[in-house]
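Subject: Handover of a structure and summary of findings

Dear colleague,

Please find the structure below, handed over for your use. A summary of what was found in it follows.

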Amino acid sequence: MPAAARVQHVSYTDGRCVQVLHLGPYSDEPASLPRMETLMEAEDLVPHGLHHEVYLSDPREEDPAKMRTILRQPVR
């Protein structure tokens, strides 16, 4: 299992974040990122730390349109 070697368990505290609930397949997530960028610009916020995702749906979901993921970007 070569991919298993790349799995990481990371714990950290986000602090202040901008986030969006993405509805749909993982492959469409990049389309939701501009919404966060627009909000950051409007609120004069800058990225501070790594963008990450919180998966709310079971990855075995058969209908990709039902998948839900929180996209989160720490800011300052």
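Two strands are taken to pair if DSSP finds at least two bridges between them. On that basis, β2 and β3 pair in the antiparallel sense, over 4 bridges. Please note that this is a predicted model.

Confidence and overall layout

The chain has a mean pLDDT of 92, and 99% of its residues reach 70 or more. Confidence is highest in β1, with a mean of 97, and lowest in β2, with a mean of 92. The chain contains 1 helix and 3 strands, which follow the pattern β-α-β-β when read along the sequence. Along the principal axes, the C-alpha atoms fill a box of roughly 40 × 30 × 15 Å. Of the 76 residues in the chain, 25% are buried. Among contacts in the chain with a separation of 6 or more, 63% involve residues 24 or more positions apart.

Strand pairing

Strand β3 covers residues 68-74 and pairs with β1 in the antiparallel sense over 7 bridges. Within that pairing, L21 stands opposite I70, and V18 has Q73 as its bridge partner. Strand β3 also pairs with β2, where E53 stands opposite L71 of β3. As for its surroundings, β3 is mostly covered, with 6 of its 7 residues buried.

The two faces of β1 and the core

The side chains of β1 alternate along the strand. V18, V20 and H22 point to one face and are buried, while C17, Q19, L21 and L23 point to the other and are not. Two of the buried residues, V18 and V20, belong to the largest nonpolar core, which has 7 residues and also includes M36, M40, L45, L71 and V75. Both β1 and α1 supply at least two residues each to this core. In soluble globular proteins, nonpolar side chains tend to be buried together. Not counting residues up to four places away in sequence, V20 touches S32, R35, M36, T69, I70 and L71.

The environment of H22

H22 may be of interest to you when side chains are examined; it is found in strand β1, which spans residues 17-23. Is H22 buried or exposed? H22 counts as buried because its relative accessible area is 4%, where the cut-off for a buried residue is under 20%. Its side chain makes a polar contact with the side chain of S32, at 2.7 Å. In addition, a polar atom of the H22 side chain lies 3.1 Å from the backbone oxygen of P25. Leaving aside neighbours within four places in sequence, H22 is in contact with D28, E29, S32, M67, R68, T69 and L71.

The aromatic pair

A search of the whole structure finds 1 aromatic pair. It is formed by Y26 and Y55, is edge-to-face, and has a centre-to-centre distance of 5.1 Å with 75° between the planes. Y26 lies in the loop between β1 and α1 and Y55 lies in strand β2, so the pair ties together parts that are 29 residues apart in sequence. Y26 is partly exposed, with a relative accessible area of 32%. Y55 also counts as partly exposed, at 47% relative accessibility.

Loop residues

Two loop residues complete the summary. P30 is located in the loop between β1 and α1 and counts as exposed because its relative accessibility is 54%, the cut-off being over 50%. The C-alpha atoms of P30 and P59 are separated by 18 Å, and these residues are 29 residues apart along the chain.

D44 lies in the loop between α1, residues 33-42, and β2, residues 52-55. What is the sign of phi in D44? The value is positive, near 55°, in a residue other than glycine. D44 is exposed, with a relative accessible area of 69%.

Yours sincerely

Technical notes. Residues numbered from 1 in each chain as written. Predicted model: local features only at pLDDT ≥ 70, side-chain atom pairs only at ≥ 80, totals over all residues. Heavy atoms only, no water. Buried < 20%, exposed > 50% of the residue type's maximum accessible area, 1.4 Å probe, protein only. Polar contact = N/O pair within 3.5 Å; in protein donor to acceptor, adjacent residues only side chain to side chain. Contact = heavy atoms within 4.5 Å. Phe/Tyr/Trp six-rings, centres within 6.5 Å; stacked < 30°, edge-to-face > 60°. Core = buried A, V, L, I, M, F, W, Y, C linked by side-chain atoms within 4.5 Å. pLDDT = per-residue confidence, 0-100.
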